[in-house]
Number of protein chains: 2
Amino acid sequence: MFRPKVNNIILGDCEQRLKSFPSNFFDLIITSPPYADARKTTYGGIEADKYNEWFLKKSNEFFRVLKNTGTFILNIKEKVVDGERHTYVLELIMKLREQGWLWTEEFIWHKTTSAPGKWPNRFRDAWERCLQFNKNKEFAMYQEAVMVPAKESTKKRMLNLNENDLARQASKTQSTFGRKMSAWQNRELVYPDNVLYMAAECKNKGHSACFPSKLPEFFIKLFTQENDIVLDPFVGSGTTTQMARKLNRKYIGIELNEEYHKLAIERTNQD
Amino acid sequence: MFRPKVNNIILGDCEQRLKSFPSNFFDLIITSPPYADARKTTYGGIEADKYNEWFLKKSNEFFRVLKNTGTFILNIKEKVVDGERHTYVLELIMKLREQGWLWTEEFIWHKTTSAPGKWPNRFRDAWERCLQFNKNKEFAMYQEAVMVPAKESTKKRMLNLNENDLARQASKTQSTFGRKMSAWQNRELVYPDNVLYMAAECKNKGHSACFPSKLPEFFIKLFTQENDIVLDPFVGSGTTTQMARKLNRKYIGIELNEEYHKLAIERTNQD
DNA sequence: GTTCCGCATGAATCGATAG
DNA sequence: ACTATCGATTCATGCGGAA
């Protein structure tokens, strides 16, 4: 059978590019697609009312190329239109079910760094949906890979480790942080719950969307093993593929925009 | 005009009992209705597929008795049916909009101490929806009443405004400048966001639903003033009415079950 | 090497103003 | 009346430079 090249960032529209991939190929599809009406200059700005029509053609291909035991994670949040939360995401969930997807779970990503603002009739929006879809009730899940320390306060800290912390950890030596790390590791580990608490680090200046690396890291660990194949069909600046490579997974990223495509290749292959 | 007695816990079905109330009467309706299929012995167990039909008849009365500037808070979470999250809550949101409600916002209640458990293919469910509906785009909201302490890092910065802050302030008109600056420097309190993080205390043994008093407290403070009238049409063990009384709001609670009704009266009137 | 401090800015939203 | 653009508001955090 023809096997496409993996560990590759492809330029183009995911719906078209995926046609050259065999069915039942990927173990995990994880993506944060352009939100409705959000990125006018970069994606042509899909209107909220036309969003589902646009998205369902893509997701139909996702369904085909995902393994039967695979998982599809969709990070999305509806915006406020005319004072109300728009319902297109709710409708999309139901349309995806009609397309054959099982809506297994909805994780909440609690963004600690949400956009500022003060309005007379609403507070700051601090969360996004991470919708989990599957093709079958039986799917691969490796819960042990994402266990966290038992204490709530510590759990937050672990989920929220920034690269600065990681760098210091890597430098080892007798830094305070290193000592703390070993202390945490001695504590009892428990399974997390379906609320993910992490900062929206936005270092990637080239890309307007905040997609913290902790998010793909969590789901890649949870739903794949080493050498499994991960797809991000809207790979943007390459956060998903970068984490996949770091975690020794195979990856395919697809990106329509030439500049992001270039950036994604750079970021994925650095160190 | 006939004015029904307030500060009262009524025995009966809310749809029927509300008929004796005038239109545009309540400032806030907040409730945690029996979830689909969850409380078979106490409510006859509304099936997930028939839930909306059942609920929409009630919410139609809610719409009538709520003031035009009032708010309806619905605490609800869909259950897992056959391995999938059921979509009846999503459908309910859209049906409520057809009924005339505006879906203003969705708050997330992050339950810190939800029941432990281990399943092969999902984690602990640690959140519920608190859906905000309104009759008009203009509604009463008292944001200052629910402000929370600022993070330490932010407090420090406020004590020591830097040039960047000054520059951003300088772009404003003169009149705003002075006023706002002093407000900032004295600020230890900031506005919360739309993720509520509170423990699910379940002291009320008599009632099966966990509805921590912090939840009605937050929304009562946010959407009403003293002497405003609060309704909980599924008052259960009386958490909402207890908090309403404590906060010097008027209240009506309605409960179908005789034992809960008795319990709600007791708990509401205890100091 | 560590701690502290200053700085920039973000998947936002609203209301006013302009065309 | 309806749409497009613009200014104002506001908090958390990572980063870099200094002590």
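**An eight-strand sheet and a pair of chains**

In chain B, eight strands line up as an open sheet in the order β1-β12-β11-β2-β3-β7-β6-β10, and the pairing is mixed. Keep in mind that this is a predicted model. Let's walk through the sheet, then the helix lying across it, and finally how chains A and B relate.

**The sheet in chain B**
- At the edges sit β1 (8-11) and β10 (195-198) of chain B, and each of them pairs on one side only.
- Go from one strand of this sheet to its neighbour and you'll find them turned by 20° against each other on average, if you ignore direction.
- Look at the β10 end: strand β6 (residues 102-111) of chain B pairs with β10(B) in the parallel sense, over four bridges.
- Want a residue to look for there? Lys111(B) has Met198(B) as its bridge partner in β10(B).

**A helix across the strands**
- Helix α8 (residues 214-223) of chain B lies across β2 (26-31), β3 (66-76), β6, β7 (127-134), β10 and β11 (229-232) of chain B.
- Compared with β2(B), helix α8 of chain B runs at about 160°.

**How the two chains fit together**
- Two copies of a chain are related by a rotation about an axis and a shift along it.
- Here, a turn of 179° with a shift of 0.0 Å along the axis lays chain A on chain B with an RMSD of 0.2 Å.
- The two copies are therefore related as by a two-fold rotation axis.
- Which C-alpha of chain A is nearest the axis? That of Leu90(A), at 2.9 Å from the axis.
- The copies meet through the same surface, because 94% of the interface residues of chain A are also interface residues in chain B.

Conventions
Residues numbered from 1 in each chain as written. Chains lettered and ligands numbered in written order. Predicted model: local features only at pLDDT ≥ 70, side-chain atom pairs only at ≥ 80, totals over all residues. Heavy atoms only, no water. Least-squares fit on C-alpha atoms with pLDDT ≥ 70 in both. Contact = heavy atoms within 4.5 Å. Pairing = 2+ DSSP bridges. Helix = DSSP H or I, 4+ residues; strand = E, 2+ residues; numbered from the N terminus. Axes fitted to C-alpha atoms, helices over the stretch in contact; angles between N-to-C directions.
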